[in-house]
Amino acid sequence: MPERPKHSPLRPAWRCPVCGILWPCSAAKLRLLGEYREDRPGLWSHLAKLQEAAEADLITLNPGVALPDLTPRFVGWAQAR
């Protein structure tokens with residue numbers, strides 16, 4: 001059986017190579033929630049590091065263009081409700 005494509009970020013644009021939408025896509029969010037089910041602080045830390053990497057990539061990709069706040073996209077969705 002062939003390996004299923006992964007919903008991992010395609011850098012430097014930070015889009016999902018499977019969905020084509022901004023990463024993290026819904027499938028990536030579900031996977032991350034499952035992986036960090038017992039460690040929500042670890043998830044937030046992981047997402048914050050990914051956000052930093054995305055900011056650096058996106059600044060390099062689009063010099064001189066102001067980036068939107070990436071916090072809702074990377075960390076905000078994982079906050080406890």
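Colleague: Leaving aside its neighbours within four places in sequence, which residues is Trp-14 in contact with?

Modeller: This is a predicted model, in which local features need pLDDT of at least 70, side-chain atom pairs count only at pLDDT 80 or more, and totals for chains, interfaces and linings use all residues. Residues are numbered from 1 along each chain as its sequence is written, and side-chain values use heavy atoms, with hydrogens and water left out. Contact means heavy atoms within 4.5 Å. With neighbours within four places set aside, the partners of Trp-14 are Pro-9, Leu-22, Trp-23, Leu-50, Ala-53, Ala-54, Asp-57, Leu-58, Arg-73 and Phe-74.

Colleague: Which helix supplies the largest share of the largest nonpolar core?

Modeller: A nonpolar core is a set of buried (under 20% relative accessible area, 1.4 Å probe, protein chains only) Ala, Val, Leu, Ile, Met, Phe, Trp, Tyr and Cys residues joined through side-chain atoms within 4.5 Å. The largest one has 16 residues, and Trp-14 and Trp-23 are among those with the most contacts inside it. Both α1 and α2 supply at least two residues of this core. The largest share, five residues, comes from α2; helices are DSSP runs of H or I, at least four residues, numbered from the N terminus.

Colleague: How many disulfides does the count come to?

Modeller: A disulfide is a pair of cysteine sulfur atoms within 2.5 Å. Cys-16 is buried at 2% relative accessibility, and Cys-25 is buried at 1%. The closest cysteine sulfur to that of Cys-16 belongs to Cys-25 and lies 3.7 Å away, too far for a bond. By this rule, the count of disulfides is zero.

Notes: Buried means under 20% relative accessible area, exposed over 50%, partly exposed in between (1.4 Å probe, protein chains only).
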